[in-house]
Amino acid sequence: IEMMRRNVGAQEAERQRIARELHDESGQAMRTLGLDLRRIESAMASAPSRSHQNVRQLESLVTRSLDELQRLIADLRPSHLDDLGLPAALRWYAGEVQTRSQLPVSVEIRGEPQPLNGAVNTALFRMAQEALTNAVKHAHARQAVLHLRYGEQAVALTVEDDGVGFDPARRARLGAWGLMGMEERAHLLGGEVRIESTCGSGTRVEAGFPYPAETKESNGHPTAAGG
């Protein structure tokens, strides 16, 4: 029951974030667009030159609104993850974080990418997304580092930041449902997550998932059944 409550809490927190961003950014832009269009319609006959200027301003507003909607859609499910794979998706997202927040994020990929379960790919991306979001919004970090390593038996993700940190024992009290959701998601998929943080000393998130049995077998490693 507790696991279900945490998962629901994390999902609801994410839905609230998306709804708030849609309301604050795109919703406001659409309302402004509607009002301006009505004003232009009324002024077309009496002030045509000013109306043309207003139309150009509206074009700029529409462009910004579309960019914002595309960003929100990409956050929900980035096409890079499906089309180009996890390493490319992580590099893309790190670049997005740098552009939006000016937080420098270095990315290091080691090893030969291996086939992963789609749910594991998504989980690793979401964990990186959550860790970097926290680094920007809560940790006030000056830089972050993302490592993805394809080892012999498992894939491992590490995200570190130099932010303000927190007391991991107080996660529930702090409302850190995203961090707790990482652990639950990893557990359900046969992986594990370790979160290390100290107040004033940054945060380190580590996630690891073993390869599917068929991947180990194709690489010359024993399957899980075979020991």
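# Exercises on a predicted chain

Read along the sequence, the protein chain follows the pattern α-α-α-α-β-α-β-β-α-α-β-β-α. The model is predicted.

## Exercise 1: Composition

Find how many helices and strands the protein chain has, and what share of its residues is buried.

Solution. The chain has eight helices and five strands. Of its 227 residues, 37% are buried.

## Exercise 2: The span of two helices

Work out what span helix α5 should have, and compare that with the distance between its end C-alpha atoms. Then treat helix α4 in the same way.

Solution. Step one is the rule: the expected span is 1.5 Å times one less than the number of residues. Step two applies it to α5, residues 118–137: with 20 residues, this helix should span 28 Å. Step three is the check: the end C-alpha atoms of α5 are 28 Å apart, so the two values agree. For α4, residues 86–101, the 16 residues should span 22 Å, and its end C-alpha atoms are 22 Å apart, which agrees too.

Next, look at cover. In α5, 14 of the 20 residues are buried. In α4, the buried residues include L86, W92, Y93 and V97.

Last, look at one end of each helix. At the start of α5, a side-chain oxygen of N117 comes within 2.6 Å of the backbone nitrogen of A119. After α4 comes Q102, with a positive phi near 65°.

## Exercise 3: Faces of a strand

Sort the residues of strand β4 and of strand β2 into a covered and an uncovered face.

Solution. Begin with the general rule: in a regular strand the side chains alternate between the two faces of the sheet. In β4, residues 192–197, V193, I195 and S197 are on the covered face, while E192, R194 and E196 are on the uncovered one. In β2, residues 144–150, the covered face has A144, L146, L148 and Y150, and the uncovered face has V145, H147 and R149.

## Exercise 4: Parallel or antiparallel

State in which sense β4 pairs with β5, and in which sense β1 pairs with β2.

Solution. Strand β4 pairs with β5, residues 203–210, in the antiparallel sense over six bridges. In this pair, I195 has V205 as its bridge partner. The two strands form a hairpin with five residues between them, and G200 in the turn has a positive phi of about 90°. Strand β1, residues 105–110, runs parallel to β2, and six bridges join them. Here R110 stands opposite R149.

## Exercise 5: Buried or partly exposed

Classify S197, F166 and V62 by relative accessible area, then describe the surroundings of each.

Solution. The cut-off for buried is under 20%. S197 in strand β4 has 11%, so S197 is buried. A polar atom of the S197 side chain lies 3.1 Å from the backbone oxygen of G202. The side chains of S197 and T203 are joined by a polar contact of 2.8 Å.

F166, in the loop between β3 and α6, has 15% and is therefore buried. From F166 to G200 the C-alpha distance is 7.5 Å, although they are 34 residues apart in sequence.

V62 belongs to helix α2, residues 48–76. Its relative accessible area is 31%, so V62 is partly exposed. Together with L66 and L69, V62 forms a nonpolar surface patch with about 210 Å² of accessible area.

Conventions:
Residues numbered from 1 in each chain as written. Predicted model: local features only at pLDDT ≥ 70, side-chain atom pairs only at ≥ 80, totals over all residues. Heavy atoms only, no water. Patch = residues over 30% accessible without salt bridge, like charges linked within 9 Å, V, L, I, M, F, W, Y side chains within 5 Å. Areas by Shrake-Rupley, 256 points an atom, 1.4 Å probe, with all protein chains shown as cover. Salt bridge = Lys/Arg side-chain N within 4 Å of Asp/Glu carboxyl O. Helix = DSSP H or I, 4+ residues; strand = E, 2+ residues; numbered from the N terminus. Buried < 20%, exposed > 50% of the residue type's maximum accessible area, 1.4 Å probe, protein only. Pairing = 2+ DSSP bridges. Polar contact = N/O pair within 3.5 Å; in protein donor to acceptor, adjacent residues only side chain to side chain.
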